Amino acid sequence: MDFIEITADKIDVAALTEKVAHPSCGAIASFLGVSRDNFEEKKVIQLEYEAYQPMAEKTLRSVAAQVRERWPALVGVAIVHRIGSVPIGEASVAIVISSPHRADALQATQLAIDEVKAKVPIWKKEIYEDGTSNWKENKECEWSSSSVH
């Protein structure tokens with residue numbers, strides 16, 4: 001079972017865990033990317049995300065397929081990313097993966113977040129306490145001028 005979503009709503013990790021849970025699974029691994037309050041000594045008060053939603057959802061599905069291909073024993077894969085305003089302390093991305101054994105779930109979760117950061121067309125804007133803001137580029141993203149391939 002795959003659950004893929006781009007949402008403006010707060011991410012409900014417990015609900016995602018329920019979606020991927022299965023009696024055959026002894027492991028559910030999760031990753032939450034949470035808005036932090038600082039960047040390079042600047043006070044961040046909020047993050048804003050924008051996405052080209054059809055392409056972002058298609059790419060998230062591709063990430064889910066990629067981890068399933070590498071770890072065929074996976075049972076549930078949930079990947080959710082927020083758009084819009086994300087307050088400090090709230091999750092902007094969540095990945096929850098179930099499998100019969102922990103190694104597959106943990107490794108798949110790591111690959112999934114790395115691929116989300118590298119490939120999914122979602123852009124982040126940091127809003128600072130001093131009233132300035134800055135669009136951020138993931139160093140890992142394929143179209144980044146700072147990425148190394």
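Here is a quick walk through this predicted model, from overall build to core packing and a few individual residues.

Some ground rules come with it: residues are numbered from 1 along each chain as its sequence is written, and side-chain values use heavy atoms, with hydrogens and water left out. Since the model is predicted, local features need pLDDT of at least 70 and side-chain atom pairs count only at pLDDT 80 or more, while totals for chains, interfaces and linings use all residues.

**Overall build**

The chain has three helices and nine strands; helices are DSSP runs of H or I with at least four residues, strands are E runs of at least two, and both are numbered from the N terminus. Along the sequence the pattern goes β-α-β-β-β-α-β-β-β-α-β-β. The radius of gyration, taken over C-alpha atoms, is compared with a globule rule of 2.2 Å times the number of residues to the power 0.38. For 149 residues, a compact globule would come out near 15 Å, and the chain's 16 Å agrees with that. Along the principal axes, the C-alpha atoms fill a box of roughly 50 × 35 × 30 Å.

Now for contacts, meaning heavy atoms within 4.5 Å. Of those with a separation of 6 or more, 69% are between residues 24 or more positions apart.

**Surface and charge**

The accessible surface is about 8,300 Å², and 49% of that belongs to carbon and sulfur atoms; the areas come from the Shrake-Rupley method with a 1.4 Å probe. On the charge side, there are 17 positive and 22 negative side chains, and the centres of the two sets sit 2 Å apart. Lys and Arg count as positive, Asp and Glu as negative, and His and the chain ends are not counted. Each charge is placed at NZ of Lys, CZ of Arg, CG of Asp or CD of Glu.

**The cores**

Of the 149 residues, 42% count as buried, which here means under 20% relative accessible area, with exposed over 50% and partly exposed in between. A nonpolar core is a set of buried Ala, Val, Leu, Ile, Met, Phe, Trp, Tyr and Cys residues joined through side-chain atoms within 4.5 Å. The largest one has 28 residues, and V67, I79 and V116 have the most contacts inside it. Elements that give two or more residues to this core are β1 (2–7), β4 (42–51), α2 (53–70), β5 (76–82), β7 (91–99), α3 (102–119) and β8 (122–128). A second, separate core has eight residues, including A78, V80, A94 and V96. Leaving out residues up to four places away in sequence, V67 touches L74, V77, A108, L111 and A112.

**Four residues to click on**

| Residue | Place | Relative accessibility |
|---|---|---|
| E40 | loop between β3 (38–39) and β4 | 64%, exposed |
| E41 | loop between β3 and β4 | 85%, exposed |
| Q107 | helix α3 | 43%, partly exposed |
| E115 | helix α3 | 13%, buried |

E40 has a phi near 45 degrees, a positive value in a residue other than glycine. For E41, also not a glycine, phi is positive too, near 65 degrees.

Over in α3, Q107 is ten residues from I97 in sequence, and their C-alpha atoms are 9.8 Å apart. E115 touches V63, Q66 and V120, again not counting residues up to four places away in sequence.

Note on methods. Buried < 20%, exposed > 50% of the residue type's maximum accessible area, 1.4 Å probe, protein only.
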